[in-house]
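Reader: Hey, got a minute to go through this one with me? I'd like to start with the cysteines and then look at the core.

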Amino acid sequence: MAIRTTPPLLNILWQLLLLLLLSCQSNLAYAAGGKWQLLMSNIGISAMHIQLLNNDRVIMYDRTDFGASNISLPNGKCRNNPNDLALKVDCTAHSVEYDVSTNSVRPLMVQTDVWCSSGSVNSDGSLVQTGGFNDGERMVRVVKPCSTCDWQEMGSNLIQSRWYSTNHILPDGRQIIIGGRKAFNYEFYPKTASTNNVFNLPFLQQTNNPREENNLFPFVFLNVDGNLFIFANDRAILFDYKTNKVVKTYPQIPGGDPRNYPSSGSAVLLPLKNLRSQTVQAEVLVCGGAPRGSYPKADKGEFLGALNTCGRITITDPNPQWTIETMPLARTMGDMVILPNGNVLIINGAASGTAGWQIARNPVLSPVIYRPDNPSDSRFEVQNPNVIPRMYHSTAVLLRDGRVLVGGSNPNELYNFTGVLFPTDLSLEAFSPSYLDPESANLRPRIISPASHLKFTYGQRVDIRFTASRLLNRDLVKVTMVAPGFNTHSFTMNQRMLVLPRSGIVRQVGRFVYQISCVFPKSAIFAPPGYYLLFVVHQDIPSEAIWVRIQ
């Protein structure tokens, strides 16, 4: 394996010079916390798509049709690449596996173009990736969580070409694949005799703006009633995918500005709580984006300011209404990551323009933490800034130790390290929220049991033992369960957090050893089958997680 290092190092020097010229980050006085760490200056590719697997390795890939990457395929492997205008035989990798424990990468080999594709982790822990561009638009590919595994091309198992689509795991373990460019429908994988078809979804055509689209990578969440909440452009529906019927039409988000690609806001399903109550409430938060008309204007060199608002809505409410909140920093192409304590990190992106080739300006270097349970006037908190702009094609994903892995940024049609405002970035960083500060060590729990990777059933009770200092406040301990999502283009598919209901009090069972009893969700509607990160959280300070498998 060979990694060429010169261009990325020059890239970082160029970015540092750029930062000296940028005056847009005048809000550093508001910075409250968090630390940045450069993990690798060159992973060989630009991390355009990213997924954490249950072996604590992270799969990343970009695309196969824009020239040689900076990391060679192993053992002299090469790939015929007829769709690449610059390179017909490619001996470089366009996917890597990042090992969190060793801070190293291993090249992987994809055979067809995975550009702007989608994916979900299967219930067995494998990443199932769907669609892409050109020869990859109908392909399904799988990579399993093992130290020697590589991509397996499953063939053209999709009926419709899927480019800029969204995937979601369903309660029965299947994936639903929704939308994409000129794809106003959905399909399932794997297919059965009754689902070997595409199913029309007129909502996607209704939300498609001429020349802008603004409904690609729709925001999709599994609601607590088993239906799907689908947000595209500036509106949303509750959709019964089994009967192909719209159950509810939600009000248009106030302001009417688009939030999906290429306007590229982001969205999360806020943590699900009170799972044993008769009615479980579900809320969605949609943040950022770009004003309507931004894409054609930016294409002509006019960069409109990004949106600085978030819309929050209780999707289970009989009469749901949007509440609008104002972010401290306007942002397009941001990513939203649910942290182990239930807060939301808003990171990456730009303050003007939109997604596309070099049509955004003013990188937003400071992340923001959103605290959903705080009073409405004190939910946002600006964090310490980065030094590397993370523009179009940036990514972020939560790790088991509570850090957020950040990579990508390539607003260029090829790998381009010089002579452009925002060069291709091959680096990988970690953002550590303030709960990882050394000052919080005395509050941080450490899980003793159960062991990682055990299997549990729906509704099963589990006794969790953990150590903590004598500062433990038993009333401020909770257990959270996070489904790691597939992140690309400002949206993390399948990202989901549940706060597990407690059964009894927190008991002391040894010197600085405590036990909390919790109950796993009663239904796959709340938590589709698969692997989750389980954290013990004390006074908003999370433990390192263990992996649990729900089946």
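Reader: First one: is Cys149 buried or exposed?

Author: Keep in mind that this is a predicted model. Cys149 has a relative accessible area of 17%, and the cut-off for buried is under 20%, so Cys149 counts as buried.

Reader: And which residue does a disulfide join to Cys149?

Author: That's Cys146, with an S to S distance of 1.9 Å. Cys146 is partly exposed, at 23% relative accessible area.

Reader: What's the torsion about the S-S bond there, for Cys146 and Cys149?

Author: About 110 degrees, so that disulfide is right-handed.

Reader: OK, how many disulfides does a search of the whole structure find?

Author: Three. If you number the bonded cysteines in sequence order, they pair 1-2, 3-4, 5-6.

Reader: Tell me about Cys78. What does a disulfide join it to?

Author: To Cys91, and the sulfurs are 1.8 Å apart. The link of Cys78 and Cys91 is right-handed, with 95 degrees about the S-S bond. Cys78 sits in the loop between β3 (57-61) and β4 (79-80), and Cys91 in the loop between β5 (89-90) and β6 (95-99), so the bond ties together parts 13 residues apart in sequence.

Reader: How accessible are Cys78 and Cys91?

Author: Both come out partly exposed: Cys78 has a relative accessible area of 37%, and Cys91 has 33%.

Reader: What about Cys287 and Cys310, how far apart are their sulfur atoms?

Author: They're 2.1 Å apart, in a disulfide. Its torsion about the S-S bond is about 115 degrees, so that one is right-handed. The pair links distant parts of the chain, with Cys287 in strand β21 (residues 283-287) and Cys310 in strand β22 (residues 309-314), 23 residues apart. Both cysteines are buried.

Reader: While we're on cysteines, buried or exposed: Cys116 and Cys518?

Author: Cys116 is buried, with a relative accessible area of 0%. Cys518 is also at 0% and counts as buried.

Reader: Switching to the core. Which residues have the most contacts inside the largest nonpolar core?

Author: Phe466, Met481, Phe520, Leu534 and Val548, in a core of 73 residues. Strand β36 (residues 477-483) gives the largest share of that core, four residues.

Reader: Is there another core apart from that? Or rather, which residues are in it?

Author: Yes, another core of 62 residues lies apart from the largest one, and its members include Leu39, Val58, Leu339 and Val404.

Reader: Back to Leu534. What is it in contact with, leaving aside its neighbours within four places in sequence?

Author: Its contacts include Ile447, Ile464, Met481, Phe520 and Val548. Thr480 and Glu544 are among them too.

Reader: Ile447 caught my eye. Which residue does it stand opposite?

Author: Phe466, in β35. β33 pairs with strand β35 (residues 461-467) in the antiparallel sense, over three bridges.

Reader: And what's the strand order of the open sheet of four strands?

Author: It goes β33-β35-β41-β40, with antiparallel pairing. β33 (446-449) and β40 (507-510) are at the edges with a single partner strand each, so one side of each has no neighbour in the sheet.

Reader: Last thing, what does the twist average from one strand to the next?

Author: The average is 40 degrees.

Definitions and conventions
Residues are numbered from 1 along each chain as its sequence is written. This is a predicted model: local features need pLDDT of at least 70, side-chain atom pairs count only at pLDDT 80 or more; totals for chains, interfaces and linings use all residues. Side-chain values use heavy atoms; hydrogens and water are left out. A nonpolar core is a set of buried Ala, Val, Leu, Ile, Met, Phe, Trp, Tyr and Cys residues joined through side-chain atoms within 4.5 Å. Buried means under 20% relative accessible area, exposed over 50%, partly exposed in between (1.4 Å probe, protein chains only). Helices (H or I, at least four residues) and strands (E, at least two) are DSSP runs, numbered from the N terminus. Contact means heavy atoms within 4.5 Å. Two strands pair if DSSP finds at least two bridges between them. Axes are lines fitted to C-alpha atoms, for helices over the stretch in contact, and angles run from 0 to 180 degrees between N-to-C directions. A disulfide is a pair of cysteine sulfur atoms within 2.5 Å.
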